[in-house]
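Visitor: I'd like to learn how to read a protein model, one feature at a time. Could you walk me through this one?

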Amino acid sequence: MEFLKVLDDVLLSDNVEERFNSLLDNSLDFRLWLDSVIPEIRACESQKQNNPWHKYNVLNHILHSVDAMNKQTKGMPESERRILAYTMLMHDIGKPAKHIVREKNGEMIDSFFNHNVESEVVARRVLPKLNFSDDEINIIAKLVYKHDIFMFIKDKPTKNPHWRVLTPELVEQEIKDLAKVGDGAKLMKWLVMVGRSDNLAQNEKMTGEALALLDKIDKILARRTTELKTRNAVLVGV
């Protein structure tokens, strides 16, 4: 439990990458404990990402994404901040197991198809050892599984059959799905935060369109909240 407290403190700090890597380098006991609980960390540490979207190896991308999430969760309850920090720790944990090298546009790149599925499997195995409740595990696992859906959503129609068009109706579909494990509207806001944290830990030359899409989803959610409040006010007045 002592090392879990250390991990919690690091993952909710303001300099996650520096502190986490320092622990790995300087505390053999912590590394051995971490190996026993999340052995996938070692594979993430050595897994490069030769891909235009990335500039860090998998572990450092994960740690930068936790940092980005912590900046968004300032002021939130500590229990919610912990859920979201560990969501980012888990979101790409399955990448090494799904690593392939393929050719794209005449270059060989690293790809990790369906890593979200593997990451969810790892999260469900690991999180019970990290003092999370069943409800919290279901939320984290759902967010991990869905963390990269924004790659396949565009703000206007395309010819790609795998891409969906951003509409209020699509957002409602996602809220309905998230409602299977909690407050759907709240978790949709969290999922947008996950997507933003993920993108902010990638190559900034590639993420402008994705971040703009997330801003548009935030506006749809804000408009939805306003409309619901107005509707409820009318019902109360009837």
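Visitor: Let's begin with Arg125: how exposed is Arg125?

Guide: Keep in mind that this is a predicted model. Buried means under 20% relative accessible area and exposed means over 50%. Arg125 has 36% relative accessibility, so Arg125 counts as partly exposed.

Visitor: Where is Arg125 found, and what does Arg125 touch?

Guide: Look in helix α7 for Arg125. Leaving out residues up to four places away in sequence, Arg125 touches Val37, Pro39 and Glu40. For a sense of distance, try Ser46: Arg125 and Ser46 are 79 residues apart along the chain, and their C-alpha atoms are separated by 22 Å.

Visitor: What span should helix α7 have, and what do its end C-alpha atoms show?

Guide: Here you count 1.5 Å a residue, using one less than the number of residues. Helix α7 has 12 residues, 115–126, so the expected span is 16 Å, and the end C-alpha atoms are 16 Å apart, which agrees.

Visitor: Which residues of α7 are buried?

Guide: The buried ones are His115, Asn116, Ser119, Glu120, Val122, Ala123 and Val126. Now look down the axis of α7: these buried residues fall within an arc of 165°, so they line one face of the helix. As for partners, the buried residues of α7 pack against α3 (28–37), α4 (40–46), α6 (78–91) and α8 (134–146).

Visitor: Can we zoom in on one residue of α8? Is Val144 buried or exposed?

Guide: Val144, which is found in helix α8, has a relative accessible area of 0%, so Val144 is buried. To see what surrounds a residue, skip those up to four places away in sequence; Val144 then touches Thr87, Met90, His91, Asn116, Ser119 and Glu120. Asn116, Ser119 and Glu120 are also among the buried residues of α7.

Visitor: How many residues apart along the chain are Val144 and Glu118, and what separates their C-alpha atoms?

Guide: They are 26 residues apart along the chain, with 9.6 Å between the C-alpha atoms. You can play that game with another pair: Ala212 and Asp155 are 57 residues apart in sequence and 9.5 Å apart in space, C-alpha to C-alpha. Ala212 is found in helix α11 (residues 208–237), and Ala212 is partly exposed, with a relative accessible area of 33%.

Visitor: How do α8 and α9 cross?

Guide: For a pair of helices, check how their axes approach and at what angle. The axes of α8 and helix α9 (residues 168–178) come within 11 Å and cross at roughly 145°. Lys142, Leu143 and Lys146 of α8 make the contact with Glu174, Asp177 and Leu178 of α9. Sort the residues of that contact by type and you get two nonpolar, no polar and four charged.

Visitor: Which residues of α9 are buried, and which are exposed?

Guide: Leu170, Val171, Glu174, Ile175, Asp177 and Leu178 are buried in α9. They cover an arc of only 160° around the axis, so they sit on the same side of α9. Turn to the other side of α9 and you find Glu169, Gln173 and Lys176 exposed.

Visitor: Which residues are buried in α1, and what covers them?

Guide: In helix α1 (residues 2–11), the buried residues are Leu4, Leu7, Asp8, Val10 and Leu11. Their arc around the axis is only 165°, which puts them on the same side of α1. What covers them includes α2 (16–26), α3, α5 (58–72) and α6.

Visitor: How many residues are in the largest nonpolar core?

Guide: The largest nonpolar core has 61 residues, and those with the most contacts inside it are Phe20, Ile38, Leu130, Phe150 and Met188. Take Leu130 as a case: not counting residues up to four places away in sequence, Leu130 touches Leu4, Trp33, Val37, Ile38, Arg82 and Tyr86.

Visitor: One last feature: what is the phi of Asn131?

Guide: Asn131 has a positive phi of about 65°, although it is not a glycine. Asn131 is found in the loop between α7 and α8 and is exposed, with a relative accessible area of 54%. Asn114 also has a positive phi of about 65° without being a glycine; look for Asn114 in the loop between β2 (107–111) and α7.

Key:
Residues are numbered from 1 along each chain as its sequence is written. This is a predicted model: local features need pLDDT of at least 70, side-chain atom pairs count only at pLDDT 80 or more; totals for chains, interfaces and linings use all residues. Side-chain values use heavy atoms; hydrogens and water are left out. A nonpolar core is a set of buried Ala, Val, Leu, Ile, Met, Phe, Trp, Tyr and Cys residues joined through side-chain atoms within 4.5 Å. Buried means under 20% relative accessible area, exposed over 50%, partly exposed in between (1.4 Å probe, protein chains only). Contact means heavy atoms within 4.5 Å. Helices (H or I, at least four residues) and strands (E, at least two) are DSSP runs, numbered from the N terminus. The arc is that of the directions from the helix axis to the C-beta atoms. Axes are lines fitted to C-alpha atoms, for helices over the stretch in contact, and angles run from 0 to 180 degrees between N-to-C directions. Ala, Val, Leu, Ile, Met, Phe, Trp, Tyr, Cys and Pro count as nonpolar, Asp, Glu, Lys and Arg as charged, and the others, Gly among them, as polar.
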